[in-house]
Amino acid sequence: YNREGDLLFTVAKDTSGEILKKVKEHSKQINDIQTSVDLTMVITASKDCSSKLFDSTTLDHIKTFKTERPVNSAAISPIMDHVVMGGGQEAMEVTTTSTRIGKFEARFFHAAYEEEFGRVKGHFGPINCVAFHPDGKSYSSGGEDGYTRIHYFDPQYFDFELEA
């Protein structure tokens, strides 16, 4: 990807590195790209305050998850239809704002319905990275505050169903 938000996938057929398909879905810089555990989908995180889910074979846009703050990282759960996103206001603005206003929560969205269903507080600076554990029973977040946090899900999380 490049700074203009173009999502570029390049497959080299020989030494030329020919671009097979170019997708532009974000209006600002993409900060992170992660794959699903089965490699069928990729999720992006962007400064345009959104995260987008794509089919990894065709690069077709599947879903969009919107927030009011830049998204630095996003991950797809290996066992649930959930995504987690982390971000927050720019690090250089943190000193001029209350941590309550900074929106430094990890945010959970249902992957099919694009609805936010939960937030986890803890960081007192922007979240730079999120990742699910391969067993899906926890996730980790790393923030500008210098902390890496491991969050274990309560049993109720696995019973949760979003009402449509």
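Accessible areas here come from the Shrake-Rupley method with a 1.4 Å probe. On that basis the protein, a predicted model, exposes about 9200 Å², and carbon and sulfur atoms supply 50% of that surface. As for the interior, buried residues account for 41% of the 164 residues in the protein.

The overall make-up is easy to follow. There are 13 strands and one helix. Going along the sequence, the pattern reads β-β-β-β-β-β-β-β-β-β-β-β-β-α, with the helix coming after the strands. Contacts also reach across the sequence: of those between residues at least 6 apart, 40% join residues at least 24 apart.

One stretch carries a label from a database record. The unreviewed UniProt entry annotates residues 120–150 as "repeat: WD". In the model, residues 120–150 are 52% strand and 0% helix, and the C-alpha atoms at the two ends of this stretch lie 11 Å apart.

For a look at a single residue, take M41. This residue sits in strand β4, which spans residues 41–46. Is M41 buried or exposed, or does it fall in between? M41 has a relative accessible area of 25%, so it counts as partly exposed, given that buried means under 20% and exposed over 50%.

M41 also has company from elsewhere in the chain. Setting aside neighbours within four places in sequence, its contacts are Q34, T35 and S36, then L53, F54 and S56, and finally I62 and I76. As for L59, this residue is 18 residues from M41 along the chain, and the C-alpha atoms of the two are separated by 8.6 Å.

Notes
Residues are numbered from 1 along each chain as its sequence is written. This is a predicted model: local features need pLDDT of at least 70, side-chain atom pairs count only at pLDDT 80 or more; totals for chains, interfaces and linings use all residues. Side-chain values use heavy atoms; hydrogens and water are left out. UniProt positions are given in the numbering used here, feature names are shortened, and annotations may be inferred rather than shown by experiment. Helices (H or I, at least four residues) and strands (E, at least two) are DSSP runs, numbered from the N terminus. Buried means under 20% relative accessible area, exposed over 50%, partly exposed in between (1.4 Å probe, protein chains only). Contact means heavy atoms within 4.5 Å.
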